[in-house]
Amino acid sequence: MRRRGADSDGIEGVTLALDSVGDAVRTLDPLVVSLLVVAVGGVAVGGWWFGRWVRRPPGVRLRNLLESYDEVAVLLHPNPDPDAMACALGIAEIASSVDTDPILQFPGEIRHQENRAFRTVLELNLERVEAASELAAEPVVLVDHNTPRGFTGAQLVEPVAVVDHHPGNGTGTEFTDVRTNYGAASTIVAEYFEELGAPAGETDGGLEPALSPALATGLLYGIQSDTNRLTRGCSWAEFAACGYLYDGIDEDLLDRIANPQVSDDVLKTKAQAITERRIEGSFAVCDVGSIGNVDAISQAADELLQLEGVTAVAVYGEYDGTIHVSGRSRDDRVHMGETLRHAVSDVPMANAGGHARMGGSQIPVDHLEAIETEDGSGRAVFDDRLFAAMAGKWR
């Protein structure tokens, strides 16, 4: 218990200290006091502006970054899909609005009829690259992927910015916006335009960047394509972005992109996957052999998943010395990206990944054939590996 006398002494001491401070302040030169007031005010104002600077929306920060370059290479992932192409188109418009010259580039090929229709209908100017030396500018912006890949020297490229929704450890040296809870990267880019105050579909109001009908249509279709028409892997952000974009789209362009003609090769691959599939429980796997169109693999996987009683599928085929695998899942027990990673974890030079509902993998044929297992080797037992991985039986 404290003594009352001690309390009184403490109060008296504090009072004397405050009196001393007051006397010191009163003896200060008025000029010094004024300077102190100005300094404190400056610190307060500076802190307020710094807080606003830190809280700038991502779209504003990216625009400011792009403005610091004369030109940038906007790099899409190998064999780009509508989501990647729409993102690149959006980033290019933001760059152009600050007088930065954007060059859109991609490795691989554009073969899927949907992807070719998207490029043609929206008149995208895309350049193909096979080596890092062919990149059009030193500043590189990655869209819809976060690690450069698919061309010679890709591992040496350090992007200044990354805009993506896929899992991965890739980052930009100046700007990184990776939202793995989003269903499409186009959603992120649509939000940038909203943050920058661009009304959907308006191009003649002097506003920059402009969200033209073609760009609004492309972003909307990019979202629909990556989420299977807003039925797979969506977040609230996809619906909000579509609502923002909808008033600005061109319905004729959208119809032409969404309903392209299908090649004979794709139809044959789909038919083969359905008729020759192997089913164990609720899982289906099919080797469609040699193919002339890699994108037919993913389309065949989509078709196979429609079979009654089937909840997860993997379809694979060989093209130009590489086994391409495409997986789909509507089974909460099967995370397809992890499934394919485990299935090829001990295969040299193989890579795999993806989301819970969809994934992909590429495996050199020679390396797959060389693997020995208890029941055989290589491709002859690859079906068993896929079934085991889907069942959660990791090696």
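This section describes the overall make-up of a predicted model and the salt bridges within it.

The chain comprises 395 residues, 47% of which count as buried. Its secondary structure consists of 14 helices and 12 strands. When contacts between residues at least 6 apart in sequence are considered, 61% are found to join residues at least 24 apart. The area exposed by the chain amounts to about 19,800 Å², of which 51% is supplied by carbon and sulfur atoms.

Side chains of opposite charge can pair when their charged atoms come close. In the present model, 15 salt bridges were identified. One of these is formed by D384 and R278, with the closest N and O atoms 2.7 Å apart. Because D384 belongs to helix α14 (residues 382-390) and R278 to strand β7 (residues 278-280), this pair ties together parts that are 106 residues apart in sequence. Both partners retain some accessibility: D384 is partly exposed, with a relative accessible area of 32%, and R278 is likewise partly exposed, at 31%.

A salt bridge also joins the side chains of D302 and R328, with an N to O distance of 2.7 Å. Here, too, distant parts of the chain are linked, since D302 is located in helix α11 (residues 295-304) and R328 in strand β10 (residues 322-329), 26 residues apart. The surroundings of the two residues were examined in turn. D302 is partly exposed, having a relative accessible area of 30%, whereas R328 is buried, with a value of 6%. The assignment of R328 as buried follows because its 6% lies under the 20% limit for that class.

Helix α14 contributes to a further pairing through R385. The side chain of R385 meets that of D346 in a salt bridge, at 3.0 Å from N to O. D346 is situated in the loop between α12 (336-343) and β11 (351-354), and the pair links distant parts of the chain, 39 residues apart. With a relative accessible area of 41%, D346 is partly exposed, while R385 counts as buried at 9% relative accessibility.

Beyond individual pairs, salt bridges that share partners join R278, E280, D383 and D384 into one network. The R278 and D384 pair described above, which connects strand β7 with helix α14, thus has both of its residues within this network.

How values were computed
Residues are numbered from 1 along each chain as its sequence is written. This is a predicted model: local features need pLDDT of at least 70, side-chain atom pairs count only at pLDDT 80 or more; totals for chains, interfaces and linings use all residues. Side-chain values use heavy atoms; hydrogens and water are left out. A salt bridge is a side-chain nitrogen of Lys or Arg within 4 Å of a carboxyl oxygen of Asp or Glu. Helices (H or I, at least four residues) and strands (E, at least two) are DSSP runs, numbered from the N terminus. Buried means under 20% relative accessible area, exposed over 50%, partly exposed in between (1.4 Å probe, protein chains only). Contact means heavy atoms within 4.5 Å. Accessible areas come from the Shrake-Rupley method with a 1.4 Å probe; for residues, only the protein chains shown count as cover.
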